[in-house]
Amino acid sequence: MNSTITIQAVYTSLEQVMDPEIPVLNVLELGMITDVIMEEEYLLIKMIPTFAACPAVEVIKTNIRTTLEKDLQIPVKVSVDKEVQWNSNRLTAIAKEKLQNFGIAAPQKHEGDVEIDMIMHTNCPHCGSENTYLRSPFGSTLCRAIHFCKHCGMMFEQFKPLS
Amino acid sequence: MLLNQLIKELITKMGDDELILGHRNSEWTGLGPVMEEDIAFSSMAQDKIGHSWALYRILHEELGGEDPDQFAFMRSEKDFKCCHLTEMPIGSYDFSLMRHFLFDHAETVRYNSMLQSSFLPLQQLARKVRGELKYHTLHADAWIMQLCRAGEESYLKMQTALDNCFQLACGIFEAGPDDKQLAAENVYPGEEALYEQWIEAIYPVLVKASLNMPERKQPVYGGRYGKHTAYLQPLLNEMGEVFRLNPEATW
């Protein structure tokens with residue numbers, strides 16, 4: 001095993017692995033990585049899906065493995081961490097900013113439980129208005145809801161707050 | 001009976017409910033009365049089938065069960081333990097919406113009861129699923145209320161749908177012979193306890209919607225013991241058709 005690989009190099013490489021459904025965010029920004037462990041024979045990456053039924057999990061796992069193996073030239077294994085459950089507070093501040101710029105409203109920070117009121121009201125990512133309503137709690141992917149802004153007249157998507 | 005065997009049966013019926021209702025929900029794809037509902041039922045289908053996959057994975061990884069795909073697609077009808085509510089055809093939108101309302105509240109109380117389960121894999125899954133289910137019940141509650149306030153014809157359709165679904169929905173809570181042992185071992189509180197929590201969850205919504213809750217007179221049982229309606233076998237045929245062309249294929 002190459003002993004000169006640093007944890008920093010692992011994280012730099014992980015920054016290159018983007019989410020297939022929201023290609024402006026990488027797996028670190030999404031808070032999907034729960035552990036990086038240097039085993040004797042390989043590097044182990046533990047990750048968690050955003051939603052239990054996320055159809056992109058296998059693709060993301062493969063992308064993590066192939067990207068890291070290419071960058072670091074060592075065998076990599078990726079496993080789903082069952083001890084940690086993803087929630088939307090795991091999105092980093094940078095991720096939320098990128099989402100907004102991408103036209104998707106970021107999830108509000110919650111205190112362990114997502115109240116109905118939070119689900120119903122979110123600011124428009126285009127004009128910032130609070131004058132919006134929840135059009136449907138389901139959108140183009142499992143992690144998105146559809147809202148409508150009464151101020152600028154735009155339909156927009158939100159990355160759902162999830163506890 | 002060994003506790004692990006009882007847990008296997010519990011997880012099987014949970015997973016089968018989610019797989020079959022997930023498949024039924026997916027039948028709305030392309031047919032929803034409005035675009036948002038098409039997307040909602042398709043998304044809920046995806047969630048449900050994902051949850052059944054997670055449950056079958058627990059059987060496979062923790063309890064010596066089969067490969068999840070094999071388990072889902074190769075079993076015979078009598079080995080399925082889903083309740084009759086989930087098997088019924090989608091019918092009209094009012095029926096499907098009411099079924100979704102009654103089932104998703106039942107699912108929510110079930111997973112909530114497992115947040116402290118002594119069986120760790122179920123506890124972990126419950127923590128994951130419960131946040132997602134909020135969106136399902138929010139969706140169901142909002143539409144039930146909206147349609148009950150949309151004039152007489154609409155209201156009557158919803159009341160009829162409730163009357164048609166209620167005894168079937170009570171069948172979700174068909175007691176297992178070993179519920180007491182599962183409750184004593186703190187795996188989950190048993191079906192009768194969940195039934196009571198379910199009534200507490202749905203009653204306030206029904207009151208707000210001015211719907212009359214029927215009494216539990218003839219709950220439709222049998223599914224948990226492998227006795228099904230005539231609707232299940234055709235659904236299983238369709239669901240597994242491609243898989244069974246070559247069960248060894250890698251997807």
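These legends go with a set of close-up views of a predicted model.

**View 1. Chain A as a whole.**
Start by getting your bearings: chain A has four helices and seven strands. Reading from the N terminus, its elements come in the order α-β-β-α-β-α-β-α-β-β-β. The C-alpha trace covers about 60 × 25 × 25 Å along its principal axes. Of the 163 residues in chain A, 50% are buried. If you look at contacts with a separation of 6 or more, 52% of them link residues 24 or more positions apart.

**View 2. The surface of chain A and its charges.**
Here it's the outside of chain A that counts: about 7,700 Å² is exposed, and 50% of that comes from carbon and sulfur atoms. Chain A carries 14 positive and 20 negative charges, and the mean positions of the two sets sit 5 Å apart.

**View 3. The three-stranded sheet of chain A.**
This sheet is open and mixed, with its strands in the order S1-S2-S3 (chain A). At its edges are strand S1 (33-38) and S3 of chain A, each with a pairing partner on one side only. From one strand to the next, the twist averages 20°. Zoom in on S1(A) and strand S2 (residues 43-47) of chain A, and you'll find an antiparallel pair held by five bridges. One spot to pick out is Val36(A), whose bridge partner in S2(A) is Ile45(A). Helix H1 (residues 7-14) of chain A lies across S1 and S2 of chain A, at about 140° to S1(A).

**View 4. Strand S6 of chain A and its neighbours.**
Strand S6 (residues 144-149) of chain A has five of its six residues buried, so the rest of the structure largely encloses it. It pairs antiparallel with strand S5 (residues 132-136) of chain A through four bridges. Within that pair, look for Leu134(A) opposite His147(A) of S6(A). S6(A) is also antiparallel to strand S7 (residues 155-159) of chain A, this time over five bridges. There, Ala145(A) has Gln158(A) in S7(A) as its bridge partner. When you follow side chains along a strand, keep in mind that in a regular strand they alternate between the two faces of the sheet.

**View 5. The hairpin turn after S6 of chain A.**
Now move to the link between S6(A) and S7(A), a hairpin with five residues between the strands. Gly153(A) is the residue to find in this hairpin, with a positive phi near 70°.

**View 6. Gln73 of chain A, a residue with positive phi.**
Most residues other than glycine have a negative phi. Gln73(A) isn't a glycine, yet its phi is positive, at about 60°. You'll find Gln73(A) in the loop between helix H2 (57-72) and strand S3 (76-80) of chain A. Its relative accessible area is 64%, and because anything over 50% counts as exposed, Gln73(A) is exposed.

**View 7. Ser210 of chain B, with its own positive phi.**
For this view, switch to chain B. Ser210(B) has a positive phi of about 60° and isn't a glycine. It sits in the loop that runs between helix H9 (191-208) and helix H10 (232-245) of chain B. With a relative accessibility of 47%, Ser210(B) is partly exposed.

Technical notes. Residues are numbered from 1 along each chain as its sequence is written. Chains are lettered from A and ligands numbered from 1 in the order in which they are written. This is a predicted model: local features need pLDDT of at least 70, side-chain atom pairs count only at pLDDT 80 or more; totals for chains, interfaces and linings use all residues. Side-chain values use heavy atoms; hydrogens and water are left out. Helices (H or I, at least four residues) and strands (E, at least two) are DSSP runs, numbered from the N terminus. Buried means under 20% relative accessible area, exposed over 50%, partly exposed in between (1.4 Å probe, protein chains only). Contact means heavy atoms within 4.5 Å. Accessible areas come from the Shrake-Rupley method with a 1.4 Å probe; for residues, only the protein chains shown count as cover. Lys and Arg count as positive and Asp and Glu as negative; His and the chain ends are not counted. The place of a charge is taken as NZ of Lys, CZ of Arg, CG of Asp or CD of Glu. Two strands pair if DSSP finds at least two bridges between them. Axes are lines fitted to C-alpha atoms, for helices over the stretch in contact, and angles run from 0 to 180 degrees between N-to-C directions.
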